[in-house]
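Visitor: I should like to go through this structure by question and answer. Please reason through each reply before giving the result.

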Amino acid sequence: MLASPNRRRFLASTLAVAAAGGLETVLPITARPAAAATRMSLIVERRSLDVRGRAASVFGLRQADGTPGLVLEPGQRFAVDLVNRSGEATVVHWHGQTPPNVQDGVVETGSTLIPAGGRQGYDFAPRPGTHWMHSHHGLQEQALLAAPLVVRTAEDLRLDMQEVTVLLHDFTFRDPAEVLAQLTGSGTGMAGMSHAGMAMPGMSGSGASAPTMAGHAQPMDLNDIDYDAYLANDRTLDDPLLVRTERAGRVRLRLINGATSTAFWIDLGATSATVLAVDGNPVRPVTARRFPLAQGQRLDLLVAMPQAGVVAVLAQREGDRARTGVILATPGAAVSRLGGEADQAAEPVDLSLEQRLVAEAPLAARPADVTHRIALTGAMMPYAWGIDDRTWGNHVPLRVRKDQRVVLEMHNPSPMAHPMHLHGHHFQVVGLNGRTLPGALRDTVLVPPRGVVVVAFDADSPGRWLLHCHNLLHMATGMMTEIAYVTHA
């Protein structure tokens, strides 16, 4: 049972659903023990998950005591042994962290693949904020090899808010390799695709006509895949996570879009929330009721709870009625059942929030030393995606030198949005569709169809670092290149 909260006693992060369906009692943030100096273990394993009454075999990523994911306290190092009990080789990327290159969790740029039964040690100073961890090997991420990774700050403790962490995902009962094979035409075709079916070009996954971009006749493509379910902390709205909060209390909602191919609109109904951070980086406060969240992105919201009542935190798939979510409720408040579909399809996820964000601690002003311009290319038919019409292995590295200010202009001539993620760095968004702005610091930014997004970062982490679309199916067909440090011009 969840303990009844009292004033100034807030509950710590809810990282995932309890196996028995209830919530465990956890310590308030202010009562957390001091940061431990000992090493921790994270275990990759297979587990069984019930999705709408049907069992599925998926991956799990948990601590030795069974807790999914990881929460680090202020000053605590990322001193972790990753133990692979999944029965197959894997490697895990610490999304949002900036470790030494060899610890990034990407075999293509220098990390080591961990065999079944093996283990790998990691040790680095973690970057604060809401982040996550996921496989960077094959299509394991689609089979839920992902978990939250939260690094608290001293300021988090001073704010003394209840924390609720929500990991969103899209789910299919089918083998992800089979789904990709049918998308690319190397499988058995489209016939009989009753689960995780391929969305037709120019059509959203819900079957409604896709919208067109202003000033363009060609329609957008939305939602490569129709999934069997959309999950929030492993649950659908048939049995959502219910978190009891303090009356008139404040909740720090840490939202992570871990979906492999789905962007969501976060909808709080009549309740307004204030953006505290994106991708783990503080921003100047922005208040709204709906927020776009692309694949790989994180969003920290401050939610003020009523004296008595319920706040439904819903995540609705773009271009569709399908949704998932969690429920925040004060003690004793009655909770009504919510359907897994909204009344109307959501519009495409866009840059409406991005253009309002301003970094709390922006990059220092300085001119660019090097500018790289890339095009995000490809189409639904044939299903092939790349960068500058090149796929990984045939790519041209984007070369930089240490200590340069690097500007990256990403042009998207394709009819589909691409959430672009840079490893090893956080960049500042400095341009959106021709407009210059002092935007947010991020590691993942959405580049909409026919859009142009400009980002800047300091080359302060030598090595080879991936730059790729965080739609896993796009990346799997080649939408990936790298930032490569060189010692000469």
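Visitor: In the hairpin of β18 and β19, which residue takes a positive phi?
Guide: This is a predicted model. The hairpin has five residues between its two strands. Among the residues of the hairpin, the one with a positive phi, near 70 degrees, is G319.

Visitor: How many bridges join β18 to strand β19?
Guide: Strand β19 covers residues 323–329 and runs antiparallel to β18. One of the pairs sets L314 opposite its bridge partner in β19, G325. The number of bridges joining β18 to β19 is seven.

Visitor: Which residue of β18 does F264 stand opposite?
Guide: Strand β13, residues 264–267, is joined to β18 by four bridges, and the two run antiparallel. Opposite F264 in β18 stands R317.

Visitor: Why is strand β18 described as largely enclosed by the rest of the structure?
Guide: A residue counts as buried when its relative accessible area is under 20%. Strand β18 spans residues 310–317, eight residues in total, and it is largely enclosed because the number of them that are buried is seven.

Visitor: Which strands stand at the edges of the open sheet of five strands?
Guide: The order in this sheet is β22-β31-β30-β24-β28, with mixed pairing. Two of these strands have a single partner strand each, so one side of each is left without a neighbour in the sheet. The twist from one strand to the next averages 20 degrees. The edge strands are β22 (398–400) and β28 (444–447).

Visitor: What is the bridge partner of H421 in β28?
Guide: Strand β24, residues 418–422, runs antiparallel to β28, and four bridges join the two. The partner of H421 in β28 is T444.

Visitor: Is H395 buried or exposed?
Guide: H395 lies in the loop between β21 (384–387) and β22. Its side chain reaches the backbone nitrogen of G393 at 3.1 Å. Leaving aside neighbours within four places in sequence, H395 is in contact with R390, M480, T481 and E482. At 17% relative accessibility, H395 counts as buried.

Visitor: Against which element do the buried residues of α2 pack?
Guide: Helix α2 covers residues 176–184, and its buried residues include V179, L180 and L183. At the start of α2, a side-chain oxygen of D175 reaches to within 2.9 Å of the backbone nitrogen of A177. The buried residues of the helix pack against α3 (472–476).

Visitor: What phi does G185 take?
Guide: G185 comes just after α2. Its phi is positive, about 85 degrees.

How values were computed
Residues are numbered from 1 along each chain as its sequence is written. This is a predicted model: local features need pLDDT of at least 70, side-chain atom pairs count only at pLDDT 80 or more; totals for chains, interfaces and linings use all residues. Side-chain values use heavy atoms; hydrogens and water are left out. Two strands pair if DSSP finds at least two bridges between them. Axes are lines fitted to C-alpha atoms, for helices over the stretch in contact, and angles run from 0 to 180 degrees between N-to-C directions. Buried means under 20% relative accessible area, exposed over 50%, partly exposed in between (1.4 Å probe, protein chains only). A polar contact is a pair of N or O atoms within 3.5 Å; within protein, one must be able to donate a hydrogen and the other to accept it, and residues adjacent in sequence count only if both atoms are side-chain atoms. Contact means heavy atoms within 4.5 Å.
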